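Please open the structure in the viewer and follow the selections below in order. Each stop names what to select and then states what is found there.

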Amino acid sequence: MRPLAELVRPNIRTLAPYSTARDEYGGQRIDVWLDANESPYDNGVNRYPDPRQQRLREVLAARKGIAADRIFIGSGSDEAIDLAYRIFCRPGIDNAVSIAPTYGMYRVAAAVNDVELREVPLGDDFSLPVERLLAAADERSKLLWLCSPNNPTGNAFPATEIERLLRRFDGMVVLDEAYVDFADGAGFLPRLDEFPNLIVLQTLSKAWGMAGLRIGLAFAAREVAALFSRVKYPYNIPGPTQRAAEEMLGRDLAPQIAEIRSERRRLASELASCPCIERVYPSQTNFLLVRTPAPDALYDALIEAGIIVRNRSRAAGCEGCLRLTVGTPAENDRLLRTVKTFRP
C-alpha cells in the first residue's frame with residue numbers, strides 16, 4: 001500500500017476543518033452557552049448537537065470492541081461513501097474500482113465527485129473476481145469497493161479472497177458490511193489492525209432497525225477516521241438521533257436476528273418449490289435474490305397484492321431477478337401466497 005499521505009488529496013491534507021467552540025473549550029463544565037447564536041429557550045432541540053457524537057461513539061466503541069477514535073459516524077453509510085471519494089480521489093484525475101452488480105451509491109457518489117468508477121462484473125455464481133479487480137487498477141486507483149455480504153446478490157465473499165485484495169491493492173479498500181449481522185462469519189472488523197488500508201462500513205439501518213435515524217459507521221485506522229471527521233459537516237448527526245441511537249443500542253438483537261435467519265431459510269425453501277421461480281440464490285443477508293422467467297409480471301402481481309419488492313431484472317448480472325426482503329412471518333406468508341398462486 002502507498003503511504004497514506006500519497007493517497008489523500010493534497011487539499012484535504014492541508015484542510016483546516018470548520019471548528020466550533022464546542023470543539024475547542026476542553027470539556028470543562030459549562031452552564032451558560034453563549035457561543036453559537038442559538039435560542040436560549042429550552043425546548044429539547046434548541047441547542048446544536050455534539051459535533052463529535054462523543055457519547056454515541058463511546059456506546060458504539062463498547063458494542064463493537066473498537067476504540068472510539070477509530071469510529072466515524074455519518075448520516076447513513078452514504079455520507080461515508082461520499083467522503084471517501086472527497087478524501088482520496090481528485091476529481092477528473094483519480095479513479096475507483098468496484099465489483100458489479102453491487103450497491104448503487106458507489107456509482108452515484110463517484111459521478112457526483114467526477115471520479116471514474118471501473119466496474120468489474122462478478123464471476124460465475126457471483127464469485128469475487130480478484131485478479132480482474134486488480135487488473136482494472138492503475139497508479140490512479142485510490143479506492144476499491146467491496147460489499148460483503150453483497151447487495152443485491154446476497155452472498156458473502158471468502159475471507160481469503162478479500163485478504164488477497166487487501167494485501168495487493170495499492171490504495172484504500174472499503175469493505176461494506178451493512179449485512180454482516182445476518183451472516184455466518186464475524187466480518188473484518190475484528191481484524192482492522194491487520195490492514196492499514198482497510199475501511200469497514202457498517203450501519204444501524206438493517207439488523208439494528210434504525211433505518212429512519214440514518215446512521216452509518218466507518219471504522220478505520222485513527223489517521224483515516226480523523227480524515228473523515230475533518231471533512232464532514234460539523235453537525236451531521238442531529239441531537240435527538242444521537243440520543244435515540246444511544247438508547248436503542250442497549251437492546252438485545254439476538255432474537256430478531258435469529259428469526260430473520262430462520263425465516264430466510266423457510267422462504268428460500270418454499271420459494272424454490274414455486275413453479276414461477278427458477279432459482280433462489282444463497283443468501284447471508286436479510287433478503288433473497290430470486291430469478292423468474294417473468295420478473296415484471298410477478299412484480300406487478302405482488303404490487304397488486306399490496307406487497308412491494310425490488311425489481312432488479314434490468315441490472316447487469318441480475319437479469320430476471322427480484323430482490324425480496326425477509327419480513328415478519330406474517331408478511332412472508334402473504335408474499336408466499338401470492339408467489340405460489342402466480343401464473344404469468
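Select F72 and A218 to begin: A218, in β7, is the bridge partner of F72. The model on display is a predicted one. Add G74 to the selection, and its bridge partner in β7 proves to be G216. Extending the view to the whole of β1 and β7 (residues 215-219) shows two strands that run antiparallel and are joined by five bridges.

Next, keep β7 and display β6. These two strands also pair in the antiparallel sense, over four bridges. For one example, select Q202, whose bridge partner in β7 is L217.

Now colour β7 by accessibility. Are its residues buried or exposed? Five of the five residues of β7 are buried, so the strand is largely enclosed by the rest of the structure. Showing the side chains separates two directions: I215, L217 and F219 point one way from β7, whereas G216 and A218 point the other way.

Zoom out to the full sheet. It is open, has seven strands with mixed pairing, and follows the order β1-β7-β6-β5-β4-β2-β3. Select β1 (71-75) and β3 (116-121) to find the edges; each has a single partner strand, so one side of each is left without a neighbour in the sheet. Looking along the sheet, one sees neighbouring strands turned by 25° against each other on average, direction ignored. As general background, strands of a sheet pair through backbone hydrogen bonds, either parallel or antiparallel.

Two helices that lie across these strands come next. Select α5 (residues 76-88), which runs at about 110° to β1. This helix lies across β1, β2 (95-100), β3, β4 (141-147), β5 (172-176), β6 (198-203) and β7. Then select α6 (residues 105-112), which lies across β2, β3, β4 and β5. The angle of α6 to β3 is about 155°.

The last stop is the largest pocket. Select R22, Y48, P49, D50 and P51, which lie nearest its centre among the 22 residues of the lining. The space in this pocket amounts to about 660 Å³. Which helices each supply at least two residues of the lining? They are α3 (21-24), α4 (54-64) and α10 (239-248). Highlight α10 in particular, as the largest share of the lining, five residues, comes from this helix. Finally, colour the lining by residue class: seven of its residues are nonpolar, seven are polar and eight are charged.

Technical notes. Residues numbered from 1 in each chain as written. Predicted model: local features only at pLDDT ≥ 70, side-chain atom pairs only at ≥ 80, totals over all residues. Heavy atoms only, no water. 1 Å grid on protein atoms, 1.4 Å probe; cavity = no way out; pocket = protein on both sides within 12 Å on 5 of 7 lines; lining within 4 Å. Points joined across faces, edges and corners; volume = space filled by probe spheres on them. Nonpolar A, V, L, I, M, F, W, Y, C, P; charged D, E, K, R; others polar. Pairing = 2+ DSSP bridges. Axes fitted to C-alpha atoms, helices over the stretch in contact; angles between N-to-C directions. Contact = heavy atoms within 4.5 Å. Buried < 20%, exposed > 50% of the residue type's maximum accessible area, 1.4 Å probe, protein only.
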